[in-house]
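Thanks for coming, everyone. Please take a look at the screen before I start.

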Amino acid sequence: MFLQIENRKVISTLLVVGLLVSMMSCGSSETVEQPKEEHSESNLKEVELNEAQYNASGIQLGDFEMKNLSAVINANGYTKLPPQNQADVSVLLGGIIKKINIIEGQFVKEGQALSIIENLEFTKIQEAYLTSKSNLELLTLEYERQKTLNEGNANSKKILQKAKSEFEVEKARFNSLKKQMNTMHLSSSENATSSMVITAPISGYITDINVKIGTNAEPGQVLFSIVDNSKMHVDLLVYEKDLQKVKVGQTINFILTNQNNTEIKGKVFSIGKAFENETKSVAVHADIINEQQTLIPGMYVNALINVGTQAVKAVPVEAVVKADGREFIFILEESNEDGHEQNHDDAEGHSHEDGHQHEEEAGHDEETEHDKEAEHGKSFHFQRVEVKTGTTQLGFIQVTPLNPIPKNAQIVLKGAYYIQSHLLKSEGGGGHEH
């Protein structure tokens, strides 16, 4: 009897242990399945933005660009202006600045009056000019008269030669004074003036004004500086190891180091024949082809000299996002003005299976979604596509899609990080926008 009771206790104990093990295994099964669902959820690659979100995010769409990112030479340099497109304005004869007609940054045309200078010496030059002009007229008449007399043997040859010599000397003096008058822009009228107009030697922009009213301007002193930026070019420093690859006529792509990433194109027109500043680099000169913004001399640039023809698909660097150790781009699916209808149909179909109460809830959700859509407008669907990246140059990166992309697909060139953060936010909230 005692043995039977002990056996029953053992059997009861085994049953209890078995039940506990079964319950623990069920709990373990549930904990394994839950991460599986989360992992599946995190693999979803579609993001939906409403119209307000889309407009506020500053998203820019476009297509792949064919870029020569491999057969190129990297070079740094700066913008430069030829000396014939720069001018320093000075005077041949000093004086006092009486008037200034321009300000820094102003555009002036060749010959335009910049300033007025005053000096009593100007009146002396005009006086000498008018005197010489009068003397030349008299000597011209005398010379013609002596020639006529000499032809009739009425005077000696010596008198004719003297008249001719006096005429030639005065003529040379008159021409010299006339040239001085023209150079200093002095008036040749009978009324002498002590003022002289300083004019612009070239068309361009005023960059420096080194005088003010009352300044005593001296010969050789730079009063104003003018630059004509229409003939700007780029000087690139190419090292000795790459020099043999560079040829006249090759195209270049460059961006301004301290400006935005606007790309500017150019073409090599000359290659230096000596090293620059003992650096073992040679200056390569390139014309600017598609100048799209205001450039000034001395801007630093990063450039690629195209020495080959191998073009690859590329997008701006900011178009590529990283997640889970991989790289992606986003493409725009067709915008949808009724983006929630399919979801509503699914919800209604599901409600038929679950009963009348769920159908009412789905109907309520549908009204809410329609209210939201009426408020936000149409929706925009973006698909995340994995890519393999390659060479990066001048703000562009080579990409190769690992999945087929529809023809003429609109690629997100700017704003990809916003879309990615929206995706992560949706996943973190336990859901995902479609």
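I will walk through a barrel, a helix, some charged pairs and one lysine. Keep in mind that this is a predicted model.

Let's begin with the barrel. Which strands close into it, and in what order? There are six, and the order is 4-13-16-15-14-17. The pairing is antiparallel. On average, neighbouring strands of this sheet are turned by 40° against each other, direction ignored.

Take one pair from that barrel. Strand 14 covers residues 251-256, and strand 17 covers residues 300-306. Five bridges join these two strands in the antiparallel sense. To find the place on screen, go to Leu256. Opposite Leu256 stands Val301, in strand 17.

Now to charges. Side chains of opposite charge can pair when their charged atoms come close. How many salt bridges does a search of the whole structure find? Ten. I will show three of them.

One takes us back to the barrel strands. Lys80 forms a salt bridge with Asp235. Their closest N and O atoms are 3.6 Å apart. This pair links distant parts of the chain, with the two positions 155 residues apart. Lys80 is in strand 4, residues 72-80. Asp235 is in strand 13, residues 233-239. Are the two partners buried or exposed? Asp235 has a relative accessibility of 3%, so it counts as buried. Lys80, at 36%, counts as partly exposed.

Next, helix 3. Here Lys147 forms a salt bridge with Glu144. The closest N and O atoms lie 3.7 Å apart. Where do the partners sit along the helix? They are three residues apart, so about one helical turn separates Lys147 from Glu144. Lys147 has a relative accessible area of 29%, which means it is partly exposed. Glu144 is partly exposed too, with a value of 39%.

On to helix 4, residues 157-183. This helix has 27 residues. From its first C-alpha to its last, helix 4 reaches 39 Å. That is close to the 39 Å expected at 1.5 Å a residue. Which residues of helix 4 are buried? They are Leu160, Ala163, Phe167, Glu170, Phe174, Leu177 and Met181. What do these buried residues pack against? Helix 3, residues 121-151. After helix 4 comes His185, whose phi is positive, near 55°.

Did you notice a glutamate in that buried list? That is Glu170. Arg173 forms a salt bridge with Glu170, and the closest N and O atoms are 3.3 Å apart. Both residues are in helix 4, three residues apart, so they are separated by about one helical turn. Arg173 is partly exposed, with a relative accessible area of 37%. Glu170 has a relative accessibility of 10%, so it counts as buried. Elsewhere, salt bridges that share partners join Lys241, Asp242 and Lys245 into one network.

Last stop: Lys67. Where is this lysine found? In strand 3, residues 65-67. Is Lys67 buried or exposed? Its relative accessible area is 10%, under the 20% cut-off, so Lys67 is buried. What does Lys67 touch, leaving out residues up to four places away in sequence? Its contacts are Glu263, Gln310, Ala311, Val312, Ala314 and Phe396.

To recap: six strands close into a barrel, the buried residues of helix 4 pack against helix 3, and the search finds ten salt bridges. Happy to take questions.

Methods:
Residues numbered from 1 in each chain as written. Predicted model: local features only at pLDDT ≥ 70, side-chain atom pairs only at ≥ 80, totals over all residues. Heavy atoms only, no water. Helix = DSSP H or I, 4+ residues; strand = E, 2+ residues; numbered from the N terminus. Buried < 20%, exposed > 50% of the residue type's maximum accessible area, 1.4 Å probe, protein only. Contact = heavy atoms within 4.5 Å. Expected span 1.5 Å × (residues − 1). Salt bridge = Lys/Arg side-chain N within 4 Å of Asp/Glu carboxyl O. Pairing = 2+ DSSP bridges. Axes fitted to C-alpha atoms, helices over the stretch in contact; angles between N-to-C directions.
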